[in-house]
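Here is a short note to help you find your way around a structure you have not met before. Have a look at it first, then read the points in order.

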Amino acid sequence: MSTVFSQIVAGEIPARVVYEDETTFAFLDANPLAPGHTLVIPKVEYERLNDVPESEAADLYATIHRLIPAVEDAVGADATTVAFNNGEEAGQEVPHVHCHIVPRFAGDGGGPIHAIAGETPTLDDADLDEIAEEIGSRA
Ligand code: 5GP
């Protein structure tokens with residue numbers, strides 16, 4: 001069973017398509033958080049960001065890079081929040097990688113990306129050193 005986004009790419013479900021190339025696709029979100037809220041996806045159905053092979057990840061970034069100014073200019077936005085919900089626990093509802101480009105306007109009442117956090121942790125220097133070491137050793 002393919003995702004709703006694969007069905008949009010295949011033309012089986014209608015969408016307001018704003019861009020398409022060989023490997024990527026972009027269309028308006030059906031439940032926009034702001035006018036111009038756009039989703040950018042790889043055409044192939046990968047669930048999480050790290051499932052996307054490097055060359056397609058580069059293509060995906062190139063399309064995001066291209067569309068940010070297009071979206072901002074089209075709706076007169078002052079800025080954009082650009083984000084991925086990467087995994088179900090992070091709020092990803094459609095298991096097909098998608099980048100949200102959400103136009104932002106001065107005084108729109110929205111928050112920064114920091115607003116995603118629930119309770120923030122208390123971490124001392126030793127904790128931070130250990131976490132940095134653990135990440136660095138895997139990078
Ligand atoms: P997620 O929560 O997975 O990061 O975001 C999924 C997004 O896809 C939501 O913002 C939702 O409004 C959008 N969406 C879900 N189904 C459809 C659809 O059939 N068409 C379009 N254009 N957007 C959809």
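The points below go from the whole chain to its sheet and then to its surface and charges.

1. Please keep in mind that this is a predicted model. The protein chain has three helices and five strands, and from the N terminus on these elements follow the order α-β-β-β-α-β-β-α. Along its principal axes, the C-alpha trace spans about 50 × 40 × 25 Å.

2. Now to the sheet. Its five strands form an open sheet in the order β1-β2-β3-β5-β4, and the pairing is antiparallel. The edges are taken by β1 (17–20) and β4 (79–83); each has a single partner strand, so one side of each is left without a neighbour in the sheet. On average, neighbouring strands are turned by 20° against each other, direction ignored.

3. One pairing is worth finding on your screen. Strand β3, residues 38–42, pairs with strand β5, residues 99–104, in the antiparallel sense over three bridges. Within this pair, V40 stands opposite C99 in β5.

4. How much of the chain is buried? Of the 139 residues in the protein chain, 30% are buried. Among contacts with a separation of 6 or more, 54% join residues 24 or more positions apart.

5. Lastly, the surface and the charges. The protein chain has an accessible surface of about 9100 Å², and 52% of this belongs to carbon and sulfur atoms. The chain carries 6 positive and 26 negative charges, and the mean positions of these two groups lie 8 Å apart.

Conventions: Residues are numbered from 1 along each chain as its sequence is written. This is a predicted model: local features need pLDDT of at least 70, side-chain atom pairs count only at pLDDT 80 or more; totals for chains, interfaces and linings use all residues. Side-chain values use heavy atoms; hydrogens and water are left out. Two strands pair if DSSP finds at least two bridges between them. Helices (H or I, at least four residues) and strands (E, at least two) are DSSP runs, numbered from the N terminus. Axes are lines fitted to C-alpha atoms, for helices over the stretch in contact, and angles run from 0 to 180 degrees between N-to-C directions. Buried means under 20% relative accessible area, exposed over 50%, partly exposed in between (1.4 Å probe, protein chains only). Contact means heavy atoms within 4.5 Å. Accessible areas come from the Shrake-Rupley method with a 1.4 Å probe; for residues, only the protein chains shown count as cover. Lys and Arg count as positive and Asp and Glu as negative; His and the chain ends are not counted. The place of a charge is taken as NZ of Lys, CZ of Arg, CG of Asp or CD of Glu.
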